[in-house]
Amino acid sequence: MLNHGLENREYVKLPEGVDIAITPAGVVSRSYAYIIDFLFRSLIMFVVSLVFSLLGDAGQGIILIIYFITSWGYNIFFEMKNGQTPGKKRLKIRVVQDNGLPASFSQIVVRNLLRPADMLPIGYFLGLVVMMFNSRFKRIGDWAAGTMVIYDDEVEARPELPKGNIEIPVLSLSTEEQLAVLAFAERSDELSDARRSELAAILAEPFKLETSEAQSMLVGYARFYSGQLSNSNEQAQSETVQ
Amino acid sequence: MKQTQFVKSNSQSWNEFKALCELAESESLPVYFPNMYRKVCNDLAIARSRQYSPVLIEQINRLVQYGQKRLYLSRSNQFSEIWHVARTAFPRALYENRIMLGINLLAFWGLALIAFIWVMLDPDAVYTFLGQSTVLQIEEMYNPGGSVQTAERGAAQDLMMFGVYIYNNIGIAFQMFAGGVLFCVGAAFFLLFNSFYFGAIAAHIVNIGFEGPFFSFVITHGSFELTAIIIASAAGCQIGYALLNPGHFTRGYAIKQAAQKALPLIVGAFLMLVLAAFIEAFWSPRDIANEIKYSVGSACWAFVLYRLYKGMRYGA
């Protein structure tokens, strides 16, 4: 099994014998998606009440029916197409089965009919507690339906590193270690100078780099690992990369 | 093999594979697609075990995801499934959940009977269970003198009540289903509360001699409504019980199994409640001779009980 300490990823075993990595969506992005959906639903209800309240008693009945349909059917209707409500689409997250495939209709129905249990006692408190106790952030409805909410592929793409010198590592690193170098390069702009050199010193140790050049060399390695290749040194790479 | 060599020798087939994954769902795939998919899975395993760069692994990982989605496309089923559920899955689920259903039926009717007898013997007891204003409101509703039934009710009011019944009753049924997940507590509470309420009110109505308007009103839609509420409660309890007693499965797996088993029940209860709301709004308040109402109501009860029996006994 792969070590996934560095990234918040889950590995799903396929019948083909490999694991694929997916990134479960956490509490914050799902809450944002919920708020967007909530506002959207409120808007629908507001417009509906405005129009049908002109119709007297019959209008009241129609308002209640539409209110019933939007409060229970909104999520089912949108999620059964591709697992995304408008809010989830905005946050680039979607509902999938436990094995990463698109969720089926019955699963969507179960996860949404069980919402009242997650809402107990107030404001999705129980759902939040359950979500925080498992690494896939499944609420009660997700457990019963066998679904989870994950990030779309586009979000998972790594940020592009700025162009610059490409350094070819002298050692061959494991994927996990390569990942650490990449993550260092991607985040180095956000770190303070002191923290950056501290981290660089740790990473540079196996390469036996001078402290002064460690940072720029590591970013150069990261460019190499991220696949920034220039034709001139392609030959050299095929010698060094193992 | 070096990484660049690996990429060079495979990139063409990866591109080809990606293009196939992006075909529209309606187009059929070539017969060699599964082979290609397995090849890409293999490539992913190779890239991982040889510790190639994370970016490359990520790319192949995504290819596998695309391929998996395309190959195991879920049926484009959706709403037409509801009919299938009502016709075959619902009766089968009645059979599969017959024990839980039996317990819920007994609990509902047992407690309703206890409440009924209690209030019959001690008419004042109704005020300890229900507030005075509630009792007055109900008395007024079924008063033979100026009752809701005899008053001419317009189509607009019928529609309004239809909305109320849909929103209220089905909302309660869904909440019972969800509440059942909490170790059956949510479902059982609503079920027992409703059964006691129903029993006490029925007895009180008999005590004050308003049974004519009351029973002729509730008999027809009651067949579908009460049975559906019990079924919804049983569906919720089935899931809650799986958490309490998962048997030799993990709780995560047991709850998933139970939810799939109970889902047709809640869909069936939903359809029954829509029908009940329709009857309650458009048929029950009509000012027709009680004999006709009792015979139609009895026919509905006979139908519901017959289907319930057939479902629980034979799954048909």
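Biologist: How many residues of chain B are in contact with chain A?

Modeller: The model is a predicted one. Two residues are taken to be in contact if their C-beta atoms lie within 7 Å. On the chain A side of this contact there are 52 residues, and the number from chain B is 52.

Biologist: Which helix of chain B gives the most to the side that touches chain A?

Modeller: Several elements of chain B give two or more residues to that side, namely helix 1 (3-21), helix 2 (33-49), helix 3 (54-71), helix 8 (155-180) and helix 11 (251-282). With 17 residues, the one that gives the most is helix 8 of chain B.

Biologist: By class, how many nonpolar residues has the side of chain B that touches chain A?

Modeller: Three classes are represented on this side of chain B. The charged residues number seven and the polar residues 17, while the nonpolar residues number 28.

Biologist: How many residues of helix 4 of chain A are buried?

Modeller: A residue is buried if 20 or more other C-beta atoms lie within 10 Å of its own. In helix 4 (residues 105-113) of chain A, the residues that satisfy this include Ser106(A), Ile108(A), Arg111(A) and Leu113(A). Helix 4 is thus mostly covered, and of its nine residues the number buried is eight.

Biologist: How far apart do the C-alpha centres of domain 1 and domain 2 of chain A lie?

Modeller: Chain A holds twelve helices and four strands. It is divided into domain 1, residues 10-155, and domain 2, residues 175-240. Between the C-alpha centres of these two domains the distance is 41 Å.

Conventions
Residues are numbered from 1 along each chain as its sequence is written. Chains are lettered from A and ligands numbered from 1 in the order in which they are written. This is a predicted model: local features need pLDDT of at least 70, side-chain atom pairs count only at pLDDT 80 or more; totals for chains, interfaces and linings use all residues. A residue is buried if 20 or more other C-beta atoms lie within 10 Å of its own, exposed if 12 or fewer, and partly exposed in between; C-beta atoms are placed from the backbone. Domain bounds come from an automatic or database domain assignment. Ala, Val, Leu, Ile, Met, Phe, Trp, Tyr, Cys and Pro count as nonpolar, Asp, Glu, Lys and Arg as charged, and the others, Gly among them, as polar.
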